[in-house]
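Q: Could you take a close look at the surroundings of the ligand, and then set that part in the context of the rest of the fold?

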Amino acid sequence: MKKIAVIGCGAAGMMAALTAAKSGSSVTIFEKNEKPGKKIYITGKGRCNVTNACDVTDFFNYVKRNPRFLYSAVYDFDNSAVMEFFENNGCHLKIERGDRVFPVSDHSSDIIKTLYDAVKKAGVEVSFGTNVLSVEASNGTVSAVTYENGDNPIVREEFDRVIVCSGGMSYPSTGSTGDGYRFAKELSHSVVTPAPSLVPFEIKEDWCRDLQGLSLKNVGLKMYEKSEKAVKKKKPVYDGFGEMLFTHFGISGPLVLTGSCYYDKEKEYYLLLDLKPALTEEQLDKRVLRDFEEGLNKSFKNILGGLFPSKLIPVMIKLSGIDPEKKVNEITRQERQGFVKLIKNLPMTVQGTRGFNEAIITKGGVSVKEINPSTMESKIVKGLFFAGEVLDVDAETGGFNLQIAWSTGHLAGLCASEE
Ligand SMILES: Cc1cc2nc3c(=O)[nH]c(=O)nc-3n(C[C@H](O)[C@H](O)[C@H](O)COP(=O)(O)OP(=O)(O)OC[C@H]3O[C@@H](n4cnc5c(N)ncnc54)[C@H](O)[C@@H]3O)c2cc1C
């Protein structure tokens with residue numbers, strides 16, 4: 001019987017421990033918090049988007065870094081298997097828009113309870129309030145973990161296998177403070193520099209802050225790299241459609257969070273917001289012309305109510321450079337066409353992203369080049385496994401990141417129990 005330590009009682013840790021215990025191992029989870037699944041609790045705005053019910057072959061399109069690394073893990077324990085697991089254990093699920101899967105109860109606590117009950121039933125020992133300080137190896141094989149629990153003396157305990165499921169660095173108040181990167185580095189693993197992802201953008205232009213609180217639906221957002229080469233190519237690194245929100249620092253909302261997956265802090269980016277993506281520039285010009293013809297004697301500032309929400313009107317007037325008091329019949333064709341271009345391509349400069357405190361996930365992490373994708377075992381240290389967000393894999397929103405945790409956790413737990 002293998003003696004296995006699992007570091008972290010989050011999504012990946014609980015799945016790994018459960019699978020290992022069911023495969024006949026003696027398993028202990030070490031968790032620095034006083035309860036399981038502190039991060040799962042806040043997922044999906046407290047509802048937990050537990051996975052995505054997409055065709056499993058489509059799953060990999062939503063993974064932004066190293067999708068191929070995940071093939072074995074995902075095919076070993078895919079989204080259907082995850083749904084079956086929760087349903088069979090009494091937590092009923094429902095599928096919403098975009099194939100997002102949630103518990104019927106809309107309570108993430110039901111996901112945690114179902115999983116944790118299964119973990120306990122399988123005989124896993126869970127040591128809460130226990131902070132793992134280091135993982136040791138001797139002769140290229142994992143040998144022990146050292147941990148502290150409150151005021152008790154520091155303990156060094158030997159294990160046959162260690163599965164690191166300590167998460168990334170985002171929302172550090174949930175316990176994910178990047179400790180796993182340190183364990184990995186201390187055991188000669190490379191770590192791809194972690195960075196916040198699925199995170200809001202800070203925007204240079206002051207007018208964004210004037211719009212704080214304004215939410216826009218059905219808009220288009222394109223993100224371009226600023227380098228000369230990229231400008232020549234004119235191909236956006238991201239082209240999305242959906243909902244966004246102006247904040248006191250810039251922009252947020254689903255459309256922006258997805259865009260942030262493509263952000264690299266070494267590069268500079270600008271954004272073009274399309275306020276009327278359903279219309280071509282020509283169609284929009286006709287529409288604006290019609291509005292102008294219907295209110296020939298009105299001033300420019302009084303003709304825009306049908307085009308934009310009221311908060312946006314003063315900003316659009318200012319950016320257009322057209323005198324707000326100018327009578328519509330005095331607006332030149334050139335001015336009107338410039339205005340139409342602005343509506344279709346409202347420019348913003350990305351100054352950076354918000355920090356880990358506001359990032360849904362961490363991109364970067366333990367390099368997958370040094371992990372066997374068929375087992376999740378380290379290629380450097382025998383008996384050492386990694387699963388979940390600690391790895392250099394990340395995906396868009398929609399339940400994909402939790403699926404990565406379930407799949408990699410399951411495979412690690414299974415393989416760690418093998419001879
Ligand atoms: C606000 C928010 C909403 C999200 N919503 C969704 C969603 O709806 N759907 C989705 O798919 N994904 C969502 N995610 C992402 C998803 O939650 C994570 O990708 C997933 O939880 C990662 O699981 P994990 O087990 O790898 O890590 P974590 O869940 O971070 O768990 C790691 C655990 O390890 C423990 N730990 C760390 N270091 C040590 C140590 N030294 N000793 C002992 N214990 C340690 C931590 O306390 C923690 O409990 C969301 C994330 C956030 C922040």
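A: What follows begins with the shell around the ligand and then turns to the domains and one sheet. The model is predicted, and in it 39 residues lie around the ligand, of which Gly-8, Gly-10, Gly-167, Gly-175 and Gly-388 come nearest. Several elements each supply at least two residues of this shell, namely the helices α1 (11–22), α2 (38–42) and α14 (400–416) together with the strand β8 (130–138). Sorted by class, the shell holds 17 polar, 16 nonpolar and six charged residues.

As to the wider architecture, the protein is divided into domain 1, which takes in 3–195 + 362–416, domain 2, which takes in 201–277 + 347–353, and domain 3, which spans 281–345. Between domain 2 and domain 3, whose C-alpha centres lie 23 Å apart, the contact takes nine residues from domain 2 and 10 residues from domain 3. On the side of domain 2 that touches domain 3, α8 (206–210) and β17 (269–274) each supply at least two residues, and the residues of that side divide into six nonpolar and three charged, with no polar ones.

There is also an open sheet of three strands, ordered β3-β6-β5 with antiparallel pairing. Because β3 (51–52) and β5 (93–96) each have a single partner strand and stand at the edges, one side of each is left without a neighbour in the sheet. The antiparallel pairing of β3 with β6 (residues 100–103) runs over two bridges, and Thr-51 has Val-101 as its bridge partner in β6.

Key
Residues numbered from 1 in each chain as written. Predicted model: local features only at pLDDT ≥ 70, side-chain atom pairs only at ≥ 80, totals over all residues. Pairing = 2+ DSSP bridges. Helix = DSSP H or I, 4+ residues; strand = E, 2+ residues; numbered from the N terminus. Near = placed C-beta within 6 Å. Nonpolar A, V, L, I, M, F, W, Y, C, P; charged D, E, K, R; others polar. Domains from an automatic or database assignment. Contact = placed C-beta atoms within 7 Å.
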